[in-house]
Amino acid sequence: MKDSFRGQSNLHIYFAEQYLSQLNAETFDEWGGHFHRATTESLIWQLLLAYQCHLADILKQQPKFGLSIPGGFFTARSIVSDDLPPEIIELADREVYSGWLKSLVEYPFLQSGRAPAGGVIASDAAAQGHIELDLQESLEELKSLIARHRATLMEY
């Protein structure tokens, strides 16, 4: 049986919660000093996957709009149509103006825009303070947003 987008979103939220609890526990030496970065970026990726599954769930739950789920990585802003579900319009706006969601969808996993120092192309933006992303806040905000949208979708 095929998993639902809603179920996948729930699973990614669960994974994010597990990564957050590991971050709040202690640093492990067996990661060669990279525990914090590996766990932080894994947590961010799980939040992004939960968000993307939520977007797919919105599209699937509202067939009257006739929108297909895009392939590959996508955000609300990348969904283009003359007629969009109101939740997608709201999220596209939040991706631009809401600090936590903007930082989440624009998280710079790789350095770009300038030549990397020493040939390093990976970006540890969270540790270097290049972004304003409170992981606990992002997790709670995403869970709240998903719950609100799901309650609204049940009314259709």
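A crossing is left-handed if the near helix is turned anticlockwise from the far one by less than a right angle, and right-handed if clockwise. Keep that in mind for the stop at α1 and α6.

This is a predicted model, where local features need pLDDT of at least 70 and side-chain atom pairs count only at pLDDT 80 or more, while totals for chains, interfaces and linings use all residues. Numbering starts from 1 along each chain as its sequence is written, and side-chain values use heavy atoms, without hydrogens or water.

**Whole chain.** Colour by secondary structure. You get six helices and zero strands, in the order α-α-α-α-α-α from the N terminus. Helices here are DSSP runs of H or I with at least four residues, strands are runs of E with at least two, and both are numbered from the N terminus. Of the 156 residues, 38% are buried (under 20% relative accessible area with a 1.4 Å probe, protein chains only). Take the contacts (heavy atoms within 4.5 Å) between residues at least 6 apart in sequence: 62% of them join residues at least 24 apart.

**Select 5–25.** This is α1, with 21 residues. Its first and last C-alpha atoms lie 30 Å apart, close to the expected 30 Å (1.5 Å times one less than the number of residues). Now show its buried residues: Ser9, His12, Ile13, Ala16, Leu20 and Leu23. They sit on the same side of α1, because their arc around the axis is only 105° (taken from the directions from the helix axis to the C-beta atoms). An α-helix has 3.6 residues a turn, so residues three or four places apart point the same way. Add 35–61 and 135–153: the buried residues of α1 pack against these helices, α2 and α6.

**Keep α1 and α6.** Their packing angle is about 160°, and the axes are 11 Å apart. Axes are lines fitted to C-alpha atoms over the stretch in contact, with angles from 0 to 180 degrees between N-to-C directions. The pair is therefore roughly antiparallel (over 145 degrees). α1 passes α6 in a left-handed crossing. Show sticks for the contact: residues including Arg6, Asn10 and Glu17 of α1, and Gln136, Lys143 and Ile146 of α6.

**Select 135–153 alone.** The 19 residues of α6 should span 27 Å, and the end C-alpha atoms are 27 Å apart, which agrees. Which residues of α6 are buried? They are Leu135, Ser138, Leu139, Leu142, Leu145, Ile146, His149, Arg150 and Leu153. Their arc is only 135°, which puts them on the same side of α6. Finally, add α1, α2, α3 (86–97) and α4 (99–105), which are among what covers them.

Note on methods:
Buried means under 20% relative accessible area, exposed over 50%, partly exposed in between (1.4 Å probe, protein chains only). Angles under 35 degrees count as roughly parallel, over 145 as roughly antiparallel, 65 to 115 as roughly perpendicular and the rest as oblique.
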